[in-house]
Amino acid sequence: MVDPILSAQNLTKSYAPEQGCFSIELDVWPGEVLGIVGESGSGKSTLLRLLSGQEYPDNGSIQFKTRDHESIDLTEATESTLRYLGRTEFGIIHQNPRDGLRLRISAGGNIGERLMGIGQRHYGDIRSIASQWMREVEIDPGRIDDKPLNFSGGMQQRLQIARNLVTNPRLIFMDEPTGGLDVSVQAKLLDTLKGLVQELGIAVIIVTHDMGVARLLADRLLVMKNGQVIESGLTDQVLDDPHAAYTQQLVASILQVN
Amino acid sequence: MRRITVTQVSKTFVLHNQGGTQLPVLNQMSFHVDAGECVVLYGQSGCGKSTLLKMLFGNYLADSGSIEIHTDQEVVDLVQAHPHDVLTLRRQTLSFVSQFLRVIPRVSTWDLVSDPLKRNGIDPSEIEDRVTQILHRLNLPESLWQLAPATFSGGEQQRVNIARSLILDSPIILLDEPTASLDANNREVVAELISEARARGAALVGIFHDDHLRAQIASRLIHLEALT
Amino acid sequence: MIPESDTYNFAYLDEQTKRMIRRGLLKAVSVPGLQIPFGGREMPLPYGWGTGGIQVTAAVIGEDDCLKVIDQGADDTTNAVSIRRFFAKTASVATTEVTEDATLIQTRHRIPETPLVAGQILIYQVPIPEPLRFIEPRETETRKMHALSEYGVMHVKLYEDIAQFGQIATAYAYPVLVNGRYVMDPSPIPKFDNPKMHQNPALQLFGAGREKRLYAVPPYTDVESLDFEDHRFEVQSWDENCALCGSNDTFLDEVIVDDAGSRMFVCSDTHFCNRRQELSNG
């Protein structure tokens, strides 16, 4: 078995009893999509913030395997290392695209920013790379100079994805990427994501309360309740043969739309 | 060559949301499947045949016992295996042909069927040949290839499903009533595909309600009785 | 009638305040281009009128200094005159309009055309010291960005200019990289003046009164204007020469001379222009 790209042991962050996440263990492999599902308050967003280095835990450790096959413990890394990883090896897709985009900077500028941040100094090259990525996420490259302030929600999300993927990150964190979007727009976005993930062999950790999204995108699932993982396994196994009472409840509550 | 060894497998569903009701489905089930065989599970509805089949894919979990999958390199017990390893098995060794196509919006027939080959890094020109071939075999007209199956008839969708599941030529193929929505003509095609798979050494396990089809393709029958 | 120079300490500020500012300036000089916070005082003129520059001048000026003050290159605007008089009154120092004779030059938004020499100090008045402010309103965040050299956004701004205008449109306050490390706002000098900052023999000090920041470029320091490989930094140029002295390599102001809209171009640096005229006449 290939080594995981990210591993967490005994990961804990507590805001109050039963609020936060407690003693979480998980592994993510390259090219795999791990879904973390649960209701609001289950601790899944906290867990995502810990795993992506946006917060330090109270306890536990997180190993990340870099491009050069070194292992970094994210819980001991300096803020500057974490910020650097956040711009190169990681991608973070926020639920609200406004948190992940510069709304008053053009689409091209948004996508090019990470490149400029790692020393890319050729305007023409930056522009053509940005156009390429816009095509990948199905935004008309003719809109490269338009500001995302005027884009639809779905387009803003796709721009956010492009902005993150431009430095070829190996691990993407997504927090409810389809929240707030119309159903048909969600389908398009999920489709784009799935295609890119497969094409680029990226590992993804996606937090969602939407089981349909989980089934479509995730290879494996962690089900969280009150800050603990109460069930985990292959997505289709957890959704088709749920064992824990809570998981059965969650699955039963999915509206069947046919 | 042995491909599947099932040993003393048991499963009981526990319905927590219905007061913890227990539904025993399988009890100490054992059997094996070799390359070149087509083993058909049959029995009354509720006898656990579908559950067993899904357990062979890792879709359902056994409570106890072992389900050993023999690949060309090693033997993996599905009951104990890490989900990550099950994913690898599904990519390289196990295929499952379900009864219905799970529709993913906007993905075209061509992309659906070629996807398993792409994931395994098959050369694009070979992908083109193999997908074209299997779509023709299953009588899917070229006009449908670039369309997403959401608007197809049940039979057309199922044929896309079959194409997708069989295109990899996996060593082990599991089939759950694959022909229920197909006409006689296309059932024949599926029977041929199954025979060809057997001939090249695949091990097949399936559930078929169609008596005629069953008679055509089964090399062995296993009967299951409901536990309750 | 309050007797004038007895009421104020030399150069208006008390000695401890001057020391505090000098300590800040020492830090600034040690880390070229880094903004150093300082305890700015209430000065007898509002923010936006040069309180930062005045405090720096007050902190470094001595009895033997000779002070020149320019405002947009001119020694004779209201502000330049007021500030020169302020120091004449509170410090009784010699003042001059001749660049070569000055030991201290306080300036608003221009660098003198006459090249400076070692021993001179150029003191800039700065409105907004933070070059990243246009894109990042949070002080906590901009400090981190400087600390971690996260300067990608500066090039984003230049990128946006080229995308929108076909060229880098920033014409003044053009961001520079100092000593290969910190990105700095050179104050609203025209980009024409940026090259003068590079390897300048004089000491360059910057004071922002409202924002309470000091920064510095020590003598002989590298100062590079940011650009792209395929859109290099360029200074402004004019089709005309100066209408008064004929210069073709100085920064020209456009002056509208009548109601019909006729215009002429004249050197913004008044001393430089006058001297050239004298030389060509006499």
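**Chain B, the sheet of chain A and the contacts between chains**

Biologist: Among contacts in chain B between residues at least 6 apart in sequence, what percentage join residues at least 24 apart?
Modeller: Note that this is a predicted model. Take the contacts in chain B whose partners are at least 6 apart in sequence. Of these, the part joining residues at least 24 apart is 72%.

Biologist: What radius of gyration does chain B have, and why does it agree with a compact globule?
Modeller: Chain B has 7 helices and 9 strands. Its C-alpha trace spans about 50 × 35 × 35 Å along the principal axes. A compact globule of 228 residues would come near 17 Å, so there is agreement with the value for chain B, 18 Å.

Biologist: What percentage of the 228 residues in chain B is buried?
Modeller: A residue counts as buried if 20 or more other C-beta atoms lie within 10 Å of its own. In chain B, the share of buried residues is 37%.

Biologist: Are H3(B) and H5(B) roughly parallel or antiparallel to each other?
Modeller: The axes of helix H3 (residues 109–119) and helix H5 (residues 154–166) of chain B come within 7 Å and cross at roughly 25 degrees. Angles under 35 degrees count as roughly parallel. The two helices H3(B) and H5(B) are therefore roughly parallel.

Biologist: Which residues in H5(B) does H3(B) meet?
Modeller: From H3(B) come Thr109(B), Leu112(B), Val113(B) and Pro116(B). The classes in this contact are 5 nonpolar, 1 polar and 1 charged residues. On the H5(B) side, the residues met are Val160(B), Ala163(B) and Arg164(B).

Biologist: Which strands of chain A stand at the edges of the sheet?
Modeller: The open sheet has 6 strands and mixed pairing, in the order E6-E7-E8-E3-E9-E10 of chain A. From one strand to the next, the twist averages 15 degrees. An edge strand has a single partner, so one of its sides is left without a neighbour in the sheet; this holds for E6 (90–93) and E10 (228–234) of chain A.

Biologist: Which residue in E10(A) does Leu221(A) stand opposite?
Modeller: Strand E9 (residues 220–225) of chain A pairs with E10(A) in the antiparallel sense, over 6 bridges. Opposite Leu221(A), in E10(A), stands Gly233(A).

Biologist: Which strands does helix H10 of chain A touch?
Modeller: Two helices of chain A are described here as packing on the sheet. Helix H1 (residues 44–51) of chain A touches E3, E7, E8 and E9 of chain A, and its direction makes about 155 degrees with that of E8(A). Helix H10 (residues 245–252) of chain A makes about 105 degrees with E9(A). The strands that H10 touches are E9 and E10 of chain A.

Biologist: Which chains have the most contacts among the 2 pairs that touch?
Modeller: Chain B and chain C share no contact; their closest C-alpha atoms lie 34 Å apart. In the contact of chain B with chain A, 16 residues come from chain B and 19 residues from chain A. The pair with the most contacts is chains A and C.

Biologist: Which helix gives the largest share of the side of chain A that touches chain C?
Modeller: In this contact, 17 residues of chain A meet 15 residues of chain C. H2 (79–87), H4 (107–117) and H5 (123–136) of chain A each supply at least two residues of that side of chain A. By class, that side has 4 nonpolar, 8 polar and 5 charged residues. The largest share, 7 residues, comes from H4(A).

Methods
Residues numbered from 1 in each chain as written. Chains lettered and ligands numbered in written order. Predicted model: local features only at pLDDT ≥ 70, side-chain atom pairs only at ≥ 80, totals over all residues. Pairing = 2+ DSSP bridges. Helix = DSSP H or I, 4+ residues; strand = E, 2+ residues; numbered from the N terminus. Axes fitted to C-alpha atoms, helices over the stretch in contact; angles between N-to-C directions. Contact = placed C-beta atoms within 7 Å. Parallel < 35°, antiparallel > 145°, perpendicular 65-115°, else oblique. Nonpolar A, V, L, I, M, F, W, Y, C, P; charged D, E, K, R; others polar. Rg over C-alpha atoms; globule rule 2.2 N^0.38 Å. Buried ≥ 20, exposed ≤ 12 C-beta atoms within 10 Å, placed from the backbone.
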